[in-house]
Amino acid sequence: MRQPLIIGLGRSGSGLHVRALRTARAAAPDLWDGPIVAVDPRPGAGGPGADGVARTRTLDQARPLLTPDTTVAHVCTPPDTRPAVIADLAARGFRDLVVEKPLAADAAQLAAVERLREDHDLRITVVAPWPAGELARRLRRLIATGQHGRLLRIEAAQHKPRFQRSLRPGDGHPTAFEVEVPHSLGLVLDLAGPATVTGARLTDLRCGETVRPHMGSARIDLRHTSGVHTRIVSDLAAPVRERSVTLFLEHGTVVAHFPLAADDDHAQLVTGERRDVFRDDALAAFMTRAYDRYATVAPHHPSWKSGFDLHADVVRLLDTAKTRCGAHRGEEESPRAAV
């Protein structure tokens, strides 16, 4: 049995990973063994969501509570910390990692993560709950059966107000591309195959006189090798939440609405005048699948590399989009007064 180690008790670590792990084990008691151990140097990190978690301040403090060979380390720190955190874990003998999306902040950091994976024989699973859920399974089946004809175009929308976190110093997300877009980008690559970037746009986040460069909205246009065209849009200044993917097929349109928050895990699939509503805790399903794979799939099985490569492609596409928008690391990224 595996034991979870959470690196970072922020929103993703405490609010998502810990909850999903507990939900997954409630359905499959032998999935992992406790306690959940966490590392976060901040006093009081995690809040009520981390109740019952064995909290430590450093990886050295956590190490006596764990056996690296049977531990799954969850990297829940900001994207620009990936290489350093993964290197630290690898140096201490941890080989099985669940890494929050995106896998890296840019192509240079991706190359560093790729070297770490190869040098230390790491099995890295990138958090991708959407493809693991029931809604995505129904979309794949709908495309495969061809009941509505060939897939022509995909439009994905991921909107939510994110002012408080984006304007906080040390947010760790360089642009709006890293926040929500990786969810839908991974899904559309799964549905329509490899792609290249044909267009991209970023805007600043504005609140009164305060501006956070590149953290307002993001748009990325893709052309898949299958001939499908995709547009993904994400607005972090939107007044309402939306997580939807629309498939335009030869003989109809299908709209998939993904759950908006952890407090209601229902998805909706609209096909013509028919609307199906069903529970779809995709993150818990993702955790179940990930832990099953660590327990049953051999370390050098080719599926580990193919899974990694898909998410490496996500980073490369995002990096290309940022290049088009002139938003690479080193440019001004902290909040500033509007001029």
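Two strands are taken as paired if DSSP finds at least two bridges between them. With that in hand, a good place to enter this predicted model is the pairing of β4 with β5, where Val72 stands opposite Asp96 in β5. Strand β4 covers residues 71-75, and four bridges join β4 to β5 in a parallel arrangement.

These two strands belong to an open sheet of six strands, which can be followed in the order β3-β2-β1-β4-β5-β6. The pairing in this sheet is parallel. At its edges lie β3 (54-56) and β6 (123-126), each of which pairs on one side only. From one strand to the next, the twist averages 20°. Helix α1, made of residues 11-27, lies across β1 (3-7), β4 and β5. Relative to β1, helix α1 runs at about 170°; angles over 145 degrees count as roughly antiparallel.

Next come two helices that meet one another. Helix α3 (residues 82-91) and helix α4 (residues 107-120) have axes that come within 9 Å and cross at roughly 10°. Because angles under 35 degrees count as roughly parallel, α3 is roughly parallel to α4. The crossing of the two helices is left-handed. On the α3 side, the contact is made by Arg82, Pro83, Ile86, Ala87 and Ala90. On the α4 side, Gln109, Ala112, Val113, Leu116 and His120 take part. Sorted by character, the residues of this contact comprise seven nonpolar, two polar and one charged.

The loop that follows α3 brings in a charged pair. Side chains of opposite charge can pair when their charged atoms come close. In this model, Asp60 forms a salt bridge with Arg92, and the closest N and O atoms of the pair are 2.8 Å apart. Asp60 sits in helix α2 (residues 59-62), whereas Arg92 is found in the loop between α3 and β5 (96-99). The two residues are 32 residues apart, so the pair links distant parts of the chain. Counting salt bridges throughout gives 21.

Further along the chain, another open sheet contains eight strands, arranged in the order β8-β11-β12-β7-β13-β14-β15-β16. Here the pairing is mixed. Strands β8 (195-202) and β16 form the edges, each pairing on one side only. Leaving direction aside, neighbouring strands of this sheet are turned by 15° against each other on average.

Both senses of pairing can be followed residue by residue in this eight-stranded sheet. Strand β7 (residues 151-161) and strand β12 (residues 229-235) run parallel and are joined by five bridges. Within this pairing, Ala157 has Val233 of β12 as its bridge partner. Antiparallel pairing appears between β14 (residues 252-257) and β15 (residues 266-271), over four bridges. One of the matched pairs there is His257 with Gln268 of β15.

Strand β15 is also antiparallel to β16 (residues 274-279), with six bridges between these two strands. Among the matched residues, His266 has Arg279 of β16 as its bridge partner. Together, β15 and β16 form a hairpin with two residues between them. In the turn, Gly272 has a positive phi of about 60°. As a guide to viewing the strands, side chains in a regular strand alternate between the two faces of the sheet.

Methods. Residues numbered from 1 in each chain as written. Predicted model: local features only at pLDDT ≥ 70, side-chain atom pairs only at ≥ 80, totals over all residues. Heavy atoms only, no water. Axes fitted to C-alpha atoms, helices over the stretch in contact; angles between N-to-C directions. Parallel < 35°, antiparallel > 145°, perpendicular 65-115°, else oblique. Left-handed = near helix turned anticlockwise from the far one by under 90°. Contact = heavy atoms within 4.5 Å. Nonpolar A, V, L, I, M, F, W, Y, C, P; charged D, E, K, R; others polar. Salt bridge = Lys/Arg side-chain N within 4 Å of Asp/Glu carboxyl O.
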